[in-house]
Amino acid sequence: MATGDQNPSVETKKKNIFRLCPFWQRRRSTTSSSSSSTQNLNQNYRSRHGNRSTDVSAVSKPSLTMSSVARSLLPARRRLRLDPSSYLYFPYETGKQVRSAIKLKNTSKSHTAFKFQTTAPKSCYMRPPGGVLAPGESVFATVFKFVEHPENNEKQKLNQKSKVKFKIMSLKVKPGVEYVPELFDEQKDQVAVEQVLRVIFIDAERPSAALEKLKRQLDEAEAAVEARKKPPPETGPRVVGEGLVIDEWKERREKYLARQQVEADSSS
């Protein structure tokens with residue numbers, strides 16, 4: 001009898017605890033309702049698609065995680081710094097081939113390959129069209145464009161965007177890799193678009209800040225090209241034997257005279 005009398009008191013205590021913890025009770029009810037709804041979905045799925053051991057709760061889970069969504073929303077990190085950064089300025093001279101210049105600097109910690117593309121390959125080309133830059137290294141690229149005569153004698157509106165565009169792409173490469181255009185085809189997934197530049201024509205006869213900057217960059221680009229053409233500097237005269245400095249021309253002459261002397265001795 002004593003044991004039977006204790007059961008009602010235990011049940012009463014449990015009910016009082018549930019009343020004191022409404023959050024726990026609500027959480028249990030929510031869990032039970034969600035589990036019952038999942039079971040109902042599973043039953044509906046089996047009735048439609050046959051009696052398969054497929055869990056709808058597993059099928060309905062999103063395939064993308066929060067981290068992947070966040071990475072997709074973040075802007076791609078740039079490897080190059082461009083100057084100018086948005087536009088390519090060309091002097092407007094109809095019927096002539098004009099030039100523009102842009103400076104590219106590798107701001108990343110790895111070797112980076114770059115490549116130019118244009119929407120007008122018949123009238124535009126770049127020198128160099130691509131290359132590899134070490135960390136912190138920079139290069140000037142010269143862009144050539146032929147300015148066609150406007151249709152119906154309509155003069156091109158200056159200081160306005162043109163339809164021609166240039167796209168600059170970058171690719172992380174290993175040190176020692178030489179640039180070839182096929183690099184960007186073989187590793188398409190790793191290629192990043194650095195910038196899409198629009199063409200703007202400026203008056204070649206009217207002084208402006210854009211024209212002065214263009215002339216200065218063209219001069220620097222030409223100086224860089226001439227520097228690349230020069231042979232590497234000599235490290236100094238060649239040292240042979242015990243510190244004896246011998247000029248290369250003098251060495252060749254002495255060898256020639258020695259050979260002549262041997263031939264003369266043998267003939268006599």
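This is a short dialogue on reading a few features of a predicted model.

Me: Before I look at any detail, what average pLDDT does the protein have?

Reply: Good place to begin. The average is 75, and 60% of the residues score at least 70. Over residues 70–75 the pLDDT is below 50, and this stretch has zero contacts in the model beyond near neighbours in sequence. Residues 239–246 also stay under 50, yet here the model has seven contacts beyond four places in sequence.

Me: Now the backbone. Which peptide bond ending at P84 should I look at, and is it cis or trans?

Reply: The general idea comes first: most peptide bonds are trans. In this model the bond from D83 to P84 is cis, with omega near 0°. You will find P84 in the loop between β1 (80–83) and β2 (87–91).

Me: Where is P128, and how does the peptide bond from R127 read?

Reply: P128 lies in the loop between β5 (124–127) and β6 (130–133). The bond from R127 to P128 is cis, with omega near -5°.

Me: Several strands have come up already. In what order do they form the sheet, and is the pairing parallel or antiparallel?

Reply: In general, strands of a sheet pair through backbone hydrogen bonds, either parallel or antiparallel. Here four strands form an open sheet in the order β1-β3-β7-β5, and the pairing is antiparallel. β1 and β5 are the edge strands, each pairing on one side only. From one strand to the next, the twist averages 25°.

Me: What packs on that sheet?

Reply: Helix α6, residues 209–229, does. The helix touches β1, β3 (97–106) and β7, and its direction makes about 75° with that of β3.

Me: Let me zoom in on one edge. How many bridges join β5 to β7?

Reply: Four bridges join them, with β7 covering residues 138–146 and the two strands running antiparallel. To find your place, look at R127, which stands opposite T142 in β7. R127 is also the residue that leads into the cis bond to P128.

Me: One last residue, S123. Where does S123 sit, and is S123 buried or exposed?

Reply: S123 is in the loop between β4 (111–118) and β5. As for burial, the cut-off is under 20% relative accessible area. S123 has a relative accessible area of 16%, so S123 counts as buried.

Me: Which residues does S123 touch, leaving out those up to four places away in sequence?

Reply: S123 touches F144, K145 and F146. Look for them in β7, which spans residues 138–146.

Key. Residues numbered from 1 in each chain as written. Predicted model: local features only at pLDDT ≥ 70, side-chain atom pairs only at ≥ 80, totals over all residues. Heavy atoms only, no water. pLDDT = per-residue confidence, 0-100. Contact = heavy atoms within 4.5 Å. Pairing = 2+ DSSP bridges. Axes fitted to C-alpha atoms, helices over the stretch in contact; angles between N-to-C directions. Buried < 20%, exposed > 50% of the residue type's maximum accessible area, 1.4 Å probe, protein only.
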